[in-house]
Amino acid sequence: MACIEARGLRKSFGGTVAIDGIDLSVEEGRIVGLIGANGAGKSTTLNAILGLTPFEGELKVLGLNPWTQRDQLMREVCFIADVAVLPRWMKVSQAIDYVAGIHPRFERSRAEAALAKTSIKLSSKIRELSKGMVTQLHLALVMAIDAKLLVLDEPTLGLDILFRKKFYDTLLNDYFDHNRTIIVTTHQVEEIQHVLTDLMFIDHGKIVLESSVEALEVRFTEVMVASAQAPTARLLKPIHERQVFGRSLMLFDGVEREKLEGLGDIRTPNIADLFVALIGGETPPAAGETGVAA
Amino acid sequence: MTDTVSTFPAATRPIYWTVRRELWENRSIYLAPAIVGLLEVLGIVISALRFPDHVQIDGELSGDRAQAVLGAIYGALGMPVVVTALIVAAFYCLDTLYSERRDRSILFWKSLPVSDTVTVLGKALIPFVILPVVTFAVISITQIVTLSVSALILKFYGLSAPVLSTVPFATITLTLAYALAAMALWYAPLYGWLFLVSAFARRKTILWALLPPLGVCVVEKFAFDTDHFYHLLGDRFLGFLGAAFNVENPERFQFSLDRMTPLDLVSAGGLWGGLAVAALFFFGAIQLRRYRGPV
C-alpha cells in the first residue's frame with residue numbers, strides 16, 4: 001500500500017485554484033522533497049494530507065481519509081511546521097507530559113534522552129527558548145513517536161546553518177528507517193538534496209515533475225559548453241541555457257551522455273538549477289548559493 | 001511490531017489531558033476565585049479585630065433569626081466568588097478557540113491524535129464542571145475559615161460568637177452545590193455562544209460576542225416595536241434563580257431544603273430550550289475548529 005495516494009486532488013479558495021487536479025503516489029520508505037514557488041500549492045497540498053483542510057477528489061494517507069479521520073491518522077503521522085507552533089506558555093516538561101498523555105505511540109524515555117543531548121531544561125518555558133531550541137524540542141517530541149509518516153513544512157525556516165545541518169543529520173541518523181516516509185518542503189533545497197530519495201515539483205497547483213533522484217540523474221544532464229560549441233549544442237535542444245563566465249551552461253532532458261560528452265564538461269544538475277529550468281523564474285546568482293523559491 | 005506494543009500505554013486519556021492543559025495555560029481558573037476568597041477572609045479578620053462588637057451577635061442565636069443572619073453572611077461571602085468565576089468563565093470561553101489560532105499552536109494541537117470534538121468538549125468542561133467545583137470549594141473553605149477565625153477573635157474579646165455546631169452546614173452546602181449546578185446548566189447557551197464566537201472570529205472577539213445580540217435587540221425594536229429578545233437575554237442571566245428556587249420573601253431568605261425547587265427547574269422550558277441552543281452552538285464551534293487555521 002502506498003503511503004500517500006491522491007487522484008484528481010483539487011482545492012480552490014473562492015475563485016482561486018490552489019491545487020488543480022493532482023495525482024500522486026508516495027511509497028513507504030521514501031524521503032520526498034516537495035518543491036515549488038511561493039503560492040504554488042505546496043502548503044495546501046500538505047494541509048490536505050494532514051487533514052487540516054477539506055478537498056475535492058480522492059486522497060488516502062495510510063489508507064485513511066485525512067479530512068474525516070484526522071485524529072486516527074495523527075496516531076501515525078507527525079508534523080512539524082515552521083518553528084513557532086509550540087505553545088509558548090507551556091513548560092518543556094508539560095509538553096512531554098501532554099504528548100505522553102494523549103499519544104498512544106509516544107515513548108517518553110526517547111524524548112527525554114534526545115533532550116538530554118541539548119541544553120534545553122525541562123523546567124523552561126517554551127517562550128524562553130531560542131528558535132533553534134524550540135525546533136530541537138519539537139524534533140525530540142516527534143522522534144519519540146513511532147510514526148509512519150513525517151511531514152516537515154519549512155522546518156528549519158529562520159534557523160542558522162549549524163542548526164539546519166544538525167536537524168537533518170539527527171533526522172537521518174536517529175529517526176529515518178525504511179518503514180518510515182518523510183515529506184519535506186524547504187527553501188534551502190540544496191542543503192537537503194543529498195537527503196532526498198524523490199522529488200516533486202509543483203507549479204500553479206499541478207505536479208510538473210515527479211521522479212526519484214536516481215532517475216533524475218540519468219534523465220537530466222548539465223553541460224558547460226564553450227561558446228564555439230554552443231550552436232552545435234543547441235541543436236540537441238537544451239531545455240534551459242544560461243551564461244556563466246562567458247560559457248553556456250545548458251540543461252538537457254533525456255539526451256544520452258555520449259552525445260554530450262564532446263561538447264564540454266558534463267555534470268549532474270542540482271535541484272535548484274533543475275527547478276529554475278523547469279518552472280522558470282529568475283536565474284540564481286551562482287549555482288547552489290541561494291535557495292530557489294521552494 | 002509486537003515487541004513495541006507492550007511499552008505503549010494501552011489507553012490514552014485525551015479529555016483528562018485536555019483539561020489539565022487548560023489549567024496549565026489558564027491559571028486564573030483557580031487562582032482568581034481563590035484570591036477573592038482569601039481577600040474575604042482577610043477583610044473579615046481585619047474587621048473583627050477593629051470592631052469586634054460589630055461582628056458580635058447579641059442574644060440567643062437560634063431558629064429563624066440564626067438562619068437569616070447566617071444566610072446574609074453566606075450570601076455576602078459567596079457572591080463575589082461566584083461573580084469572579086463567571087467573569088473568568090466568560091473570558092475563558094471567548095478566548096480559548098481564538099488564542100490557539102492567534103499563536104498558531106492550533107497546528108501543534110492538530111498534529112496530535114485528539115479530535116476536534118474531544119478538544120472542544122474537553123474545553124467546555126472548564127465552565128461547566130471545573131469552575132463550579134472550584135467556586136464550591138473556595139466558598140466552602142472561606143465560610144469555614146471565616147467563621148472559625150471570627151469566632152476565635154470574638155472569644156478573645158469575651159464577646160458572644162455563633163456556635164459552629166448551630167450552623168446548618170449540610171443544608172448550606174447542598175444549596176450552594178445545587179445553585180452552582182443550576183447556574184451552569186442555565187448559562188449553557190451563553191457559554192456556547194462565546195465558544196462559537198471564539199472559533200469564528202478572526203479578530204476582536206469581544207465585539208463579535210456583544211454586537212450581534214445587541215443588533216437583534218435594535219432591529220426588533222425598530223421593526224416590530226417589541227423587546228422579546230431583550231427580555232429573553234435578561235431571563236438568561238437571572239432566570240435560573242426563579243426556576244431553581246422559591247424566591248418569595250427574598251429578604252427573609254433562609255437556608256432550607258424547601259427553598260430548592262429542582263422539579264420546577266427540570267420542567268422549566270427555559271432550561272431545555274437553553275440546552276438545545278447550547279448544543280447547536282457547541283456543534284458549530286466543533287465544525288468551525290475543523291475548518292479554521294491560524295489567523
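This tour goes through chain B, its contact with chain A, and one helix of chain A.

The model is predicted: local features need pLDDT of at least 70, side-chain atom pairs count only at pLDDT 80 or more, and totals for chains, interfaces and linings use all residues. Residues are numbered from 1 along each chain as its sequence is written, and chains are lettered from A and ligands numbered from 1 in the order in which they are written.

Select chain B. It has 13 helices and zero strands; these are DSSP runs, helices being H or I with at least four residues and strands E with at least two, numbered from the N terminus. Of its 295 residues, 33% are buried (20 or more other C-beta atoms within 10 Å of the residue's own, against 12 or fewer for exposed and partly exposed in between, with C-beta atoms placed from the backbone).

Next, show both chains. The contact takes 24 residues from chain A and 23 from chain B, where two residues are in contact if their C-beta atoms, placed from the backbone, lie within 7 Å. On the chain B side, H2(B) gives the most, with five residues.

Now select residues 161-175 of chain A, helix H6. At 1.5 Å a residue, its 15 residues should span 21 Å (1.5 Å times one less than the number of residues), and its end C-alpha atoms are 20 Å apart, which agrees.

Within H6(A), colour the buried residues A:Arg164, A:Phe167, A:Tyr168 and A:Leu171. Seen down the axis, the buried residues of H6(A) fall within an arc of 80°, so they line one face; the arc is that of the directions from the helix axis to the C-beta atoms. On the other side of H6(A), A:Leu162, A:Asp169 and A:Asn173 are exposed.

Finally, add helix H5 (131-143) and helix H7 (189-192) of chain A, against which the buried residues of H6(A) pack.
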